[in-house]
Structures are given as C-alpha cells and as structure tokens.
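Reader: Hi! Could you walk me through this one?
Author: Happy to, here it is.

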Amino acid sequence: MLRRLGPFLIVAAFIGAWWLAATGSLIFPTPPQVVLAVGELFREGTLVQHVTASLFRVSVGYLSAVLVAIPVGSLMGWFPAVRHALNPIVQLLRPISPIAWIPIAILWFGVGDMSPIFLIFLASFFPVVVATAAGVSLVEPQYVRAARNFGVRGLELYRVAIFPAALPQIITGMRVGLGVAWLVVVAAEMVAINSGLGYLIIDARNAGTRYDLVVAGMAMIGLIGFGLDVVMRRLETLDEVRWRYDGTR
Amino acid sequence: MTAPVKLRLDRVSKSYRTDKGPFLAVEDVSLEVAEREFIALVGPSGCGKSTLLNLLAGFERPSDGTILLDGAPITEPGPGGVLITQRGSVFPWMTVRQNLEFAARLLPPAESERRLTHYIDFVGLRGFEETWPHQLSGGMLQRVEFARALMARPDILYMDEPFGALDALTRMRMRTELIEILARDKHTCILVTHDVEEALHLADRIVVISPRPARVQAIVTVDVPQPRLLTHPALVRLKERILRELGMSTLDLLRDDAAPAPQDPAAPSPTPEDRIHPSTLSLRPATPAPRVGGDRVEQVDVVVVGGGPAGSSAATIMARGGLKVLVLEREHFPRYHVGESLLPVIWELTNRLGVTPEIEAAGFVRKEGITFGLPGQGQELEFRSAEFPDYFERPYTFHVERARFDEILLHNARDAGAVVREGWTVRDVLFQGDRAVGVLAGPNDEEPKAILASAVVDATGQACLLARKLGWRRPDPTLNKVAHFAHYRGGFRPTAGAPGGDPLHPASYATTTQVHAVPGGWLWYIPLRDDIVSVGAVLDARHDRDSRGDPQARFDAAVASCPRLRGWLAGAQQTMPVQTISNISYLNDCFVGNGFALVGDASMFVDPIFSAGVALAMRGGIYAAEAILEGIAANDLSAARLAAYEERIRLPMARIFRMIHNWYALLDKPEADNIFVRANQSPLLRERLLVLFSGGYERVDFEELMAGVSGR
C-alpha cells in the first residue's frame, strides 16, 4: 500500500512545503498562482506555441542525431579499425557540454532554429553513438555465427542479427540522448532564440519579473520531460528487446 | 563401411598465432565419415575438439590438410551443415515461429509453413509458436535450437556439447529425444562431448581425441543397436576402454611436461633442500634473495591463503610432508561461519589429518542422519546413517559450531608444523609470466610485502581471490539462491535424549539435519549445543527479491510457511539478528595453474542442501596438498602436474551439482518422478541414496541411479 502511495505522498509533501515557503513572498509564486499562470498562458495561446517550438527543435535535432549515430556507432562497434580511428575524437568531444557550444552555434548558424537544433544534435549524438558502439561490440558471437550458419552475409547479417542483438543497448542510449536533448533545448532557447519554453522563462523574468510564469514554464518542462521518458521506457518493454533487460537469460 | 563417404578429413591441422608464438590446436587429423553416420568426438576439456568442429562447420579454415564435404572443399558456413552449441543461439528477439521461419527463409512460404508444422510437432513445441525465448526453460530452448537446425534440412548436424548447459534430467531426456529424431529423420551427425556415456548412448563410432593438440588417438565402433541401455555389458566394456584411453593420454601429457626444461642450463641441480623443478629453481636463487626496503624477502615452500577447512587441511598434509608451509588468514580465529552440518565421510578426512580425537572430544551434537520434508503433501523422508552402517567408519557425524570446528583444524595445521598467521591480508598473488611465485601480504592495515613461494594455494573461500583475478569464476545462474539464517534458543529438539545417551551431556542429543521444502526454496534446522538451533532459509534469489519486507521479515515468512518448523520454533527466542548471504553456486573453470591451486570455496561453492561443502573443501585441500607434494618430489609444479588434484575432485563435484539440480527440479515439480520418492519404493535405492547423502559420491553407480530417476 505504502509502495503505491509513496510517490504521491512525496509529491504532495513537496508541493505543501513549497506552498508554505512561498506564502507571504512578494515575488515567489505559490502553487495555485502557478496553475493560474499556466491557464493564462494556455488561453493566450502562447503555451502551445512555445511547447510546439521546443518539441519541433528537439524532434529534428534528436532524430537526425539518431539517424547518424546508429550507423556510425555500429561501424565503430563492429570494425575495431573504425573504433580505433574514431574513438579519440568521440571521447574528446563527448565531455564538452553542449552549452559550451552556444557561442559557436550562434556564430555559425545565427539566431534561428538551426542553432538549437545543432546543439540538440550534439547533445543526443554522443550517448547514442557510444551506446550503439558498445551494444554492437558486445553482441554474443553465437548469434552472429548462427546467422552465418544459415547463409546470411554482409549487410543482411547486420539487419538480421547484429542490429536486433544490440537494439536493447541502442534504445537505452536513445533514452539517455532524449533526456539530454530536452535539457539542452531549454538552455539553448534562453540565449539563442525568441520562442520555446526556455525563451518563455527568460522572457518572463526579464520583461516583467513574472515569476509565476517562470515557474509555470519550469513545470511544463518537467512534465514534458517526464512524459518523453515514459514513452522511451515503454520501448524497453517491447518483446523484441525485453530479453536483455529481464536478466533471465 | 558400406554407405558412401560424406565427409573426409585428410591430414587436417590448425595452428594459431599468439603472443607466445604459434599454438597448435589440431594436428594431423584424418577421418572418414559415412553418410548418415553418427560420430562422437570425445576428449578432455580444452583438447581442441571444438576447434575441429569449427573447421568442419566452415567457421574456420584449416592451416594444413583438406576437408571435403561430398567431395568438395568446405569454404564457408552454410545451411548444409548446422552447428548447435551449448551456448544456445536461438535469437531472443524473435518468437519461436520467427526463429524457425528464419532457418527456411529462402524457401517458398508454403514449404516453410509445411516444415514449421512438421518440426514444431517433432520437438513437441506445439502451442509455443508465438512464445518468446526468454519465457522458455533451458530444455525447451534447446529443442527450439534443434527444430531450427532441422528446418534447414542440413546434410550434417554438428553438435558441440549441445546438452552441456542443461540439468541432468533434461540432458537425459534430450538425448533420448535426439535418438528418436534421428530414427525418423536420419542426418549425418558429429557430436563433440567430454561425457563418455553420452557418446556411448548416441554414437555409431567414437573418436577419442588426445589432449592439445587434438589428434586422433583411437576410434571405437559401438556395435550395440538402439535403444541402448548404458548397463549393456558391451557398453560397459567400451566405456572402460575409452576411459583408459583418456586416462593414459593424460599420463603421457604429464610425462612430457615433466621432462627437465633444457632451456635453463644456468639453474643449479636440485639438492635435498631444493626439491623444486629447475624452472622453478630460478625463482629460488642460490644468491641471497632480492632485497625490498632493506629486508630480506621471506621465502617458503607453499603459501596457503586462508585458514578455513580447505586451507588448514592442505597445510596439515603439506607440513607433514616436510614442506615449509605458511598459512595467512585474514581473521582471528575463532570466528563465526555458516555451514554447520557435516557428513559421515568426514571421518576419513579427519583420520587423514589426525584430528579425529579432537573432533570427538569437542562435545558437538551428534548428527544421526538427514530428514527431508518434501514439497506438496508434507511427506517426510528420513535417512539414518545407522540403517546401513557398513559404508563409513562411524554411523554418525556432528552438527558443529564452525567457529570451534575450523579452529580445531587450524590448530591441527599449526601442530603439524605449518606457520599460521592470523589477521594477515593477502593483497595479490605474484606471477612471473603465468607462474605463481608468491604473494603480496602483510598484517591487516599494514603495508604488504612480497613473500616468495614455490606454490600458492588459494583457500580464500567465496572471496575467490585467484578465480576472480583470472576470470575463472563460473556461477551457475540456475542455482542463484539467497540464504537468510539465525540462531534460536529453546527450539524443539526432534529426538533429544535418545536412548543410551546421557541427558546431561550435550553430545547425547542425537538428531538429524532437517531440510524442509517451502515455497521459493527450503529451510534448514540444525540443533547445536547449549539448546541452540541454527535455522536458515535458502530461497531463489528472484523469488526473494520480489518478496516484501526486510531480511528478517522474509526469513520469518519462509519459516511461517513451514508448519513443522513453525511449530518447533513456537516458544523459541532468536539469539542473533538474521544474516543474509548470497548463495549462488559456482564451479570455476580451472582449479590449477602453474604453481598454484584453488581449493574449497575458492574453487567451487555448492548449494548447502546436502551439507556437502565442508567435506568437499577438506577433500580438495588434501588432494591439492598431495598433488603439490608429488609435484615437488618430481621437480614439477606445472599446471599439468597439479591437474592430478583437479581430476580427483571434479567427479564428486559434478555429482553433487547434479544432485542439487535434481532437488530443485523436485521443488519446481513436486509431482515429477524423482529419487526421493523412489527411495521409499526400493530398499536398494534407499541404501545407495544414503551413501550419496553421507558424502560417498563415488561409491555408488551414480549414472545408473540418476538414469533410473529420469525414467523417460
């Protein structure tokens, strides 16, 4: 019983503490004020507009990163020579926070959609490429041998055996990548552009010290990020990949 | 041979380049296999049989010689010859149906569907077509593996220990099923196995392979029609012959390795003080030993890491043999240890160690036998050692506090002349190349120093110092258990104060070790001295993880689910907090290397259900010590020489593992035919089982006993 109620109790306690702390403050909003602010944004139509803008950038940047990272990671995982050649540059670029790229992104792409998309691409590319390379290099040899035994060769070998065997790890990498992408889009929108949830937050603060709108924007970011993670976690429960996570065989 | 030749090997060799120069895996193998013939390749583990099979299946190319399939050389793997290994290769991301269709994917859909229907029925998987592999048992998975191979209608089935990963009962059943499959759908088969009986059961001809490099040592024709009974006199004779072939080959190998190393002329010739192999001698220089930090490096003959039963047994024997033995034990004895029930076979070991009087005088509680509470109807089976008293020296043994028992054994090692240092930690084993040359050790919390030795015995228990370092640890995932245990005071004593005993003397409590099945596992109940009972719950790790509450709650729930023990503990007081240990059984890959041996829990850990651990650990310690003594006498402490120890201890270990698997199969399926139920039906079977439960794993015809059980 406590197990099921636990999360709700904690969230309720958190909101309660917030409410207590914010009551009487002139600037910091209480939970009802934030709910009202969300309603206000929604009626104005700006909420949908900002959410769509952020999600659009994440979709484009993230999907292109996945489309590039899976082939590159697969090559790195399968061919030691490729891994040897690419690993230093990947390991060198990976620790650089995408935030640090913001000035260069603005220099290269100006203030438009391209800058945040580029940053999101960078942010989600590395987790996916590293997970894919690891997943492919760890494919149990007996699966590849079995496929070869039944006459599968070349690219079909990848499609039939290597990719599905590595898919569980790839999906985990994709989940991490999407989480990072969502973190980065907000940061990018705070500097490089004038729409999106990040812009909403910084604009509400700069324009009118509307901290109720700031917290409303934060709440939306949290909820959407949570939702994205739920969707990605659902992928991990598919029968095609569950064998890896169950830890049974 | 009347049938046409299917497969012809002509002087096939295979060598690999390694860091240490070329490595010859297969040498000069010539063989002809007739159409529809069943050939078994039998040889010791690691002899190169699998390499040979990989060459045949086209996964590797021979370095020399030719392999012709239907007169044409094999260049690459293909559906004409399908390889089945014990590491199942059924694709886990496909359903059973998709896996089978994959094997026939180049055929017209109608033909694929026809074969699918045929082979699904063939292997008895109707109804499981849409199941995912991770939902199937090991035996069913292996049947999918076979069905998928047959879907391709291969000319040849290559099988590399195909049943090696299965439990004993399933393995027997799968063998019989394979015979039925082949009777209906005849394929040429090449089977690689190290199980001589499996080969005798299945093959038309058995090719005995010599140890590395693989060579054909003998070819034996098995002229007994199917179905075969392994007790058939002709098969028994063949088995003896093949075992002799295998045994002799091992001796030959030892002699080869024992020849003095000619590349080391600088080494001084052995003197009475230096009874070590010349190549080892270079480690014990005639000049003063190297100095580290100004101190002379300590040198002994053998370092034993760990002072538990295995370590102290080994130390006692070696010290008696005149060696300078140093035992390094991390703890200060006496210290608590779980595992309190002994077996009657222990007397032979304590006699060998000369410690029987001390054990008898220690006042432990007598153990008269073992009582099993079976799952299901609450039926109980009791085996008392006195029923068949002829097999062991005494028809009883003891329930012991391990703190005291282990202390007696360690003192005994000290008395025998071993130097024992308690409170010493061994950080690492020192190697020169692949040869152990000493340890890095020191008192706990002090900077460790090098201690040189001709041999190192790893008796570190579940810490598995060397097995972890070398990657040899091999847990059995099907025996992944958790044990919660505690002591109680005031629990009921089943037969306390047995007739003839002195009720005031604790040793007069004559009792059995109680083992009771409960949902998810089983309980032990072991009466100790001073009105204490040890109670433990061994539960499936996954079952335990899914249960609610802390270890105490899970332990209490397990006890509460057993009416018998719940009643006995009704008025008892728990005297220590519940302890929890992971109880995953493991049987490590190798027990010996150049200059070192793994003994006791450092080599294997068995589920406590049959109380086998202490006796096996002491046997291992004694055997390893004997192998080291012989090795030193022969100036040879190579892995090949020390393998004599491993060969002696592997068989009882393999058998106890099969018994444990049988017990858990019984827990899973209480209604299945099993040895425990049969014990009630036949006095002969009961007698043999009692011998097994007493630790005499090699004193019964084990295979016949287990084969009789499977009955399928």
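We will talk about how two chains meet, then a helix, then a loop residue.

Reader: Anything I should know before we start?
Author: This is a predicted model, where local features need pLDDT of at least 70 and side-chain atom pairs count only at pLDDT 80 or more, while totals for chains, interfaces and linings use all residues. Residues are numbered from 1 along each chain as its sequence is written, chains are lettered from A and ligands numbered from 1 in the order in which they are written, and side-chain values use heavy atoms, with hydrogens and water left out.

Reader: Cool. How many residues of chain A are in contact with chain B?
Author: 25 residues of chain A are in contact with 31 residues of chain B (contact means heavy atoms within 4.5 Å).

Reader: And how much area do chain A and chain B bury between them?
Author: About 2,600 Å², with 56% of it on carbon and sulfur atoms. Buried area here is the accessible area (1.4 Å probe) that two parts lose on being put together, summed over both.

Reader: How many salt bridges are there between chain A and chain B?
Author: Two, counting a side-chain nitrogen of Lys or Arg within 4 Å of a carboxyl oxygen of Asp or Glu. R153(A) and E76(B) form a salt bridge through their side chains, at 3.2 Å from N to O.

Reader: New topic: what span should helix α3 of chain B have?
Author: Its 14 residues (109-122) should span 20 Å at 1.5 Å a residue, and the end C-alpha atoms are 19 Å apart, which agrees. The expected span is 1.5 Å times one less than the number of residues, and helices are DSSP runs (H or I, at least four residues), numbered from the N terminus, as are strands (E, at least two).

Reader: Which residues of α3(B) are buried?
Author: S112(B), R115(B), L116(B), Y119(B), I120(B) and F122(B). Buried means under 20% relative accessible area (1.4 Å probe, protein chains only). They cover an arc of only 145° around the axis, so they sit on the same side of α3(B); the arc is that of the directions from the helix axis to the C-beta atoms.

Reader: What covers them?
Author: The cover includes α2 (96-103), α4 (138-151) and α5 (168-184) of chain B.

Reader: Last one: is N594(B) buried or exposed?
Author: N594(B) is buried, with a relative accessible area of 17%. N594(B) lies in the loop between β29 (592-593) and β30 (596-598) of chain B.

Conventions
Buried < 20%, exposed > 50% of the residue type's maximum accessible area, 1.4 Å probe, protein only.
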